[in-house]
Amino acid sequence: MNSILRLDGLDKRFGGVVAADNITFSVNPGTVHGLIGPNGAGKSTLMNLISGIYTPDKGKVFFDEKDITDVPPYERARMGIARTFQAPRFLQRSNIRDNLLLGSDLVDQHSYFKSFFSKQGRNFESELQKFMKMADFEIDLDDDISSLTYGHRKLLEIIRSMLAHPRVMLVDEPAAGLNNKEIDNAMALLNMAANEYGIGVLLIEHSMDMIMHICEDIVVISFGKVIATGKPKEIASNPEVITAYLGRDTDD
Amino acid sequence: MKNTKKVLIKPSTIILLVACALFIVFIPLRYSGYNLMLYNTALIYAIVVFGLSLMLGMGGQLTFAGLAFMGAGTFYVANLCSGRWGFWVNNSLALITTPIVTGLLGFLIGSVLLKLKGTYFTFSTIALVQVAYSFYQNSRPISGGPDGISNIAPLRILGFEFNNYKRWFYLLVVLVIIVALIIERIRRTRFGRSLAAIRDNETAALTLGINVYRTKVIAFAITAMLGGLAGGLYAMQGRFAGSDMFTFERSTLFIIMGMIGGINNTFGVVIGSILVAMLPEWLRSLQRYLQLIYGLSVIVLMIFMPMGLAGIGSEMCKRIKRKITGIHAKKALEEAKK
């Protein structure tokens, strides 16, 4: 199977700190990949390198086998790389509809001029209904975004990414701050994205429960280096991973 | 999703429309001559403040530049319609081309200034206003220098001459409504959403496929278009163009208009513009304290109601709505108990 996203030897330094050191791995369509590692391992840096917020010092990013290393972030989003943030980022003073339309705008890709004269968000509500069933809570599109709970906002950010019809989704800690029911809903959404829409999902998460449950493939990084890749079972029993997470005994 | 009953027109909208209708009918009946001209000028200011509303209200970019483009529009029309260059251009043609010319100018200048971000961009627009002012003051061939340009031909559209302030009032009301509708439409389209995304978080905007720089430049160009249009109207109504109008102090007045009215609210922009423009007339006896009153009212508003007077209005509407839904819920609960 051809990968949809491929990182080839990415290096990124901030002063003396090595945030990414020769990172190489790929994301396949229709698959949920887990990206795990201790705090400060460079997971978020990697997200920023993929979405184009940072440019790597060395190495290349390929999307659909096209070199996108020099493509600006907004072009990458238009090509089909969607992203959610650790803390959901919405238009605080707008209603839910406007916030979700920001996602579906990427499907139409109308110019500002054309958008001025056309109907906003075609097919958007039927699609949304389908996603909301997975998310399992009710919204009124005319309500302010701030009327939602934190958990619901996080779920809605995943939905906004899905409304953009991406081919790759970068999902940053969706489970943090969610209750158990909401975590199940988030997993249902991500499974739907991968299985039904063939999206390649790259999932950063600290909840091992969630990672082991839905990831087909896991990449472990520590101090900016890939230290292991493999199926969940292999990763769980990998001694290097256990050391990275629990620390090495100094007497050793 | 909840199926909420869609109310076709909200009661608050009806109140505002009635207020507008009263304003349109009442003002030209009550006032004439100089006083009516002041209202006309306030409406011209509102067009400039709409540009600011787009940049600052929707996009979160504070700019002082509107006035510089208003000056460009004023002198563009003044030169073409006063015959001082040896020729006359049909003045409705001159007026229609003004926003196009100043818009292009704004696009070029914006492309440079918006390489700067946040406060640095704001400072560069202050510099632009200062440079433009001293240019308008000193460049005789373009602005007539300290004498200004007089004898601008009166506006005539399809044979109908706008030769008194009453006619100007109706023309300006129509133009303000058109601009307001365009701004309201922009708010609901991809451009408006993109600006709002930039205001709230530029990084998130980028990952939503928004070309942040280009979006800001387009917004800046539209600000310049509106400034230019207002300038052209200003020159034609007064039939005189002088550089005194385009000082930095005046551009801070536009910011105050937006802030007091409510920078992200279309009605607020108009209310703020009229209020601030008319205040010197209404408080003639307190002339000395005018700046103090402006300053204090902005401070008080920013502390208690950062969304301006329009913010107070919409907050009150929300409270009433909540109260009504609260009463309904109580009734439903009581009925359920029975």
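At what angle do the axes of α2(B) and helix α11 of chain B cross? In this predicted model, the crossing is at roughly 70°, and the two axes come within 9 Å. Helix α11 spans residues 248-261 of chain B. Angles from 65 to 115 degrees count as roughly perpendicular, so α2(B) is roughly perpendicular to α11(B). From α2(B), the contact draws on Tyr45(B), Val48(B), Val49(B), Leu52(B), Ser53(B) and Leu56(B). These meet Phe254(B), Ile255(B), Met257(B) and Gly258(B) of α11(B). By class, the residues of this contact are eight nonpolar and two polar, with no charged residue.

Chain B contains 14 helices and two strands. Its C-alpha atoms occupy a box of roughly 85 × 50 × 45 Å along the principal axes. The radius of gyration of chain B is 22 Å. A compact globule of 338 residues would have a value near 20 Å, so the two agree. Of the 338 residues in chain B, 45% are buried. Contacts in chain B with a separation of 6 or more were also sorted by sequence distance; 77% of them involve residues 24 or more positions apart.

Helix α8 of chain B covers residues 190-200. Ten of its eleven residues are buried, so α8(B) is largely enclosed by the rest of the structure. The buried set begins with Arg190(B), Phe191(B), Gly192(B), Arg193(B) and Ser194(B). It continues with Leu195(B), Ala196(B), Ala197(B), Ile198(B) and Arg199(B). Which helices pack against these buried residues? Chain B supplies α2 (33-58), α7 (165-187), α9 (202-207) and α10 (212-238). Chain A supplies α3 and α4. The surroundings of α8(B) thus include helices of both chains.

The contact between the chains takes 28 residues from chain A and 23 residues from chain B. On the chain A side, α2 (73-79), α3 (96-108), α4 (112-117) and α5 (124-135) each supply at least two residues. The largest share comes from α3(A), with five residues. By class, the side of chain A that touches chain B has 13 nonpolar, seven polar and eight charged residues.

Chain A itself has ten helices and ten strands. Its radius of gyration is 19 Å. For 252 residues, a compact globule would have a value near 18 Å, which agrees. The C-alpha atoms of chain A fill a box of roughly 65 × 40 × 35 Å along the principal axes. Buried residues account for 45% of the 252 residues. Among contacts in chain A between residues at least 6 apart in sequence, 69% link residues at least 24 apart.

An open sheet of four strands is present in chain A. Its order is β2-β1-β4-β5, and the pairing is antiparallel. Strands β2 (17-27) and β5 (66-67) of chain A stand at the edges. Each has a single partner strand, so one side of each is left without a neighbour in the sheet. Inside the sheet, β1(A) and β4(A) pair in the antiparallel sense over five bridges. Asp8(A) has Lys60(A) in β4(A) as its bridge partner. Strand β4 of chain A, residues 58-63, is joined to β5(A) by two bridges, again antiparallel. Across this pairing, Phe62(A) stands opposite Asp67(A) in β5(A). Helix α1 of chain A, residues 43-51, packs on the sheet. It touches β1 (5-14), β2 and β4 of chain A, and its direction makes about 60° with that of β2(A).

β4(A) and β5(A) form a hairpin with two residues between them. Asp64(A) lies in the loop between these strands. Its phi is positive, about 55°, although it is not a glycine. Where is Asn22(A) placed? Asn22(A) belongs to strand β2 of chain A. Its phi is near 55°, a positive value in a residue other than glycine. A residue is buried with 20 or more other C-beta atoms within 10 Å, exposed with 12 or fewer, and partly exposed in between. Asn22(A) has 15 such atoms within 10 Å and is therefore partly exposed. Asp64(A), with 15 other C-beta atoms within 10 Å, is partly exposed.

Notes
Residues numbered from 1 in each chain as written. Chains lettered and ligands numbered in written order. Predicted model: local features only at pLDDT ≥ 70, side-chain atom pairs only at ≥ 80, totals over all residues. Contact = placed C-beta atoms within 7 Å. Nonpolar A, V, L, I, M, F, W, Y, C, P; charged D, E, K, R; others polar. Rg over C-alpha atoms; globule rule 2.2 N^0.38 Å. Pairing = 2+ DSSP bridges. Axes fitted to C-alpha atoms, helices over the stretch in contact; angles between N-to-C directions. Parallel < 35°, antiparallel > 145°, perpendicular 65-115°, else oblique.
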